[in-house]
Amino acid sequence: MILPVFKREFLGYFRSPVAYVFLVVFLVASAGLAFFLGNFFKNNTASLESYFMFLPWLFLFFAPAAGMRLWAEEKRSGTVELLFTLPVTTLQAVLGKFLAAWAFLSLAVVLSFPLALTAGYLGDPDWGAMIAGYVGAILMAGGYLGICSLTSALTRNQVISFVLSVIVCLVLVLLGWSVFNGALGAALPVQAVDFVANCGFIPHFEPFTKGIIDPRDVVYFLSFAGLTLFLNVIVLER
């Protein structure tokens, strides 16, 4: 029963102009950051490093925007009770909705392929590193959306869900941000700083952008998404 929930949720994104606006704004924002702040052309390297560098920060706002409606809207409109009258378990409903949001955000990431083609036109890029970067971006999107699905289940207000998701995701980004860790280093021992950094998203995403697919990073993002979805099920069944 996961597939019907997935199809209902995924197609639901495209029943209003909001999804198309979302995709356009995401692509414009990501390309704008890569070209202007990331100095895509001035770097003289045929790579998408400048694009991937900003993704953890872009996801801070776009992942909550994609995930805030998952359960909050169902609760507000009262259709969550109708959903659970169908022969679908809570876990199947949670997975169906999560996978739909994940597919939607992944589509937004994949649609940035003109950037890769531009890099290929300008030079001789490492296509393996690019593919690894996209794999890492999609895995990281799953981690973000796990949080968004959980916060959406905690409230019937999409705005509150959005704000909660941004706060939690911001904490997880800051934990792995080198600037933040540098400041922590002045007060904490190296082992403690390393532990804190290892909890954040960025240190687990950066190896992908260099073409390194470390199974530990894959397990981190999948485990993180799995944990948040497990908590999501508990919240809905309480």
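These are my notebook entries on a predicted model, grouped by what I looked up.

**Entry 1. Annotated segments**

I began with the record. The unreviewed UniProt entry lists residues 20-41, 53-72, 93-115, 127-147, 159-180 and 218-236 under "transmembrane region". The annotation "domain: ABC-2 type transporter transmembrane", also from an unreviewed entry, covers residues 48-174.

I then checked some of these ranges against the model. Residues 48-174 come out as 85% helix and 0% strand, with the end C-alpha atoms 22 Å apart. For residues 159-180 I noted 91% helix, 0% strand and 28 Å between the end C-alpha atoms. Residues 218-236 are 100% helix and 0% strand, and their end C-alpha atoms lie 27 Å apart.

**Entry 2. Salt bridges**

How many salt bridges does a search of the whole structure find? I recorded six.

I looked at Lys-97 and Glu-9 before the others. Their closest N and O atoms are 2.7 Å apart, and the two residues form a salt bridge. This pair links distant parts of the chain, since Lys-97 sits in helix H6 and Glu-9 in helix H1 (residues 2-13), 88 residues apart. Both residues are buried. They also belong to a network of salt bridges that links Arg-8, Glu-9, Arg-69, Glu-74 and Lys-97.

Next I took Glu-73 and Arg-76, a salt bridge with the closest N and O atoms 2.7 Å apart. Both lie in helix H4 (residues 69-77), three residues apart, about one turn of the helix. Glu-73 has a relative accessible area of 23%, so I entered Glu-73 as partly exposed. Arg-76 has 53%, so I entered Arg-76 as exposed.

The last pair I looked up was Arg-216 with Asp-214, a salt bridge whose closest N and O atoms are 2.8 Å apart. Arg-216 is exposed because its relative accessible area is 65%. Asp-214, at 17% relative accessibility, counts as buried because the cut-off for that class is under 20%.

**Entry 3. Ser-112**

Is Ser-112 buried or exposed? Ser-112 is buried, with a relative accessible area of 4%. I placed Ser-112 in the loop between helix H6 (90-110) and helix H7 (113-122).

Which side chain does the side chain of Ser-112 meet in a polar contact? The partner is the side chain of Tyr-51, at 3.0 Å. The Ser-112 side chain also reaches the backbone oxygen of Val-109 at 2.5 Å. With neighbours within four places in sequence left aside, I listed Leu-27, Tyr-51 and Tyr-134 as the contacts of Ser-112.

**Entry 4. Asn-232**

I located Asn-232 in helix H13 (residues 215-237). Its relative accessible area is 0%, so Asn-232 is buried. I then asked which residues Asn-232 is in contact with, leaving aside neighbours within four places in sequence. The list reads Trp-71, Val-94, Ser-149, Leu-150 and Ala-153.

**Entry 5. A nonpolar surface patch**

I looked for nonpolar side chains on the surface. Val-159, Val-163, Ile-167, Val-168 and Val-171 form a nonpolar patch there, with about 400 Å² of accessible area together. I followed up one of these residues, Val-163, which is found in helix H9 (residues 158-175). Val-163 counts as partly exposed because its relative accessibility is 40%.

**Entry 6. Two threonines in loops**

I compared sequence separation with distance in space for two loop residues. Thr-45 lies in the loop between helix H2 (17-37) and helix H3 (49-67). At 46% relative accessibility, Thr-45 counts as partly exposed. How far apart in space are Thr-45 and Ala-119, C-alpha to C-alpha? I noted 8.2 Å, for a separation of 74 residues in sequence.

Thr-89 lies in the loop between helix H5 (79-83) and H6. Thr-89 is partly exposed, with a relative accessible area of 42%. From Thr-89 to Leu-55 I entered 34 residues in sequence and 34 Å in space, C-alpha to C-alpha.

Methods:
Residues are numbered from 1 along each chain as its sequence is written. This is a predicted model: local features need pLDDT of at least 70, side-chain atom pairs count only at pLDDT 80 or more; totals for chains, interfaces and linings use all residues. Side-chain values use heavy atoms; hydrogens and water are left out. UniProt positions are given in the numbering used here, feature names are shortened, and annotations may be inferred rather than shown by experiment. Helices (H or I, at least four residues) and strands (E, at least two) are DSSP runs, numbered from the N terminus. Patches are made of residues with over 30% relative accessible area and no salt bridge: like charges are joined within 9 Å, nonpolar side chains (Val, Leu, Ile, Met, Phe, Trp, Tyr) within 5 Å. Accessible areas come from the Shrake-Rupley method with a 1.4 Å probe; for residues, only the protein chains shown count as cover. A salt bridge is a side-chain nitrogen of Lys or Arg within 4 Å of a carboxyl oxygen of Asp or Glu. Buried means under 20% relative accessible area, exposed over 50%, partly exposed in between (1.4 Å probe, protein chains only). A polar contact is a pair of N or O atoms within 3.5 Å; within protein, one must be able to donate a hydrogen and the other to accept it, and residues adjacent in sequence count only if both atoms are side-chain atoms. Contact means heavy atoms within 4.5 Å.
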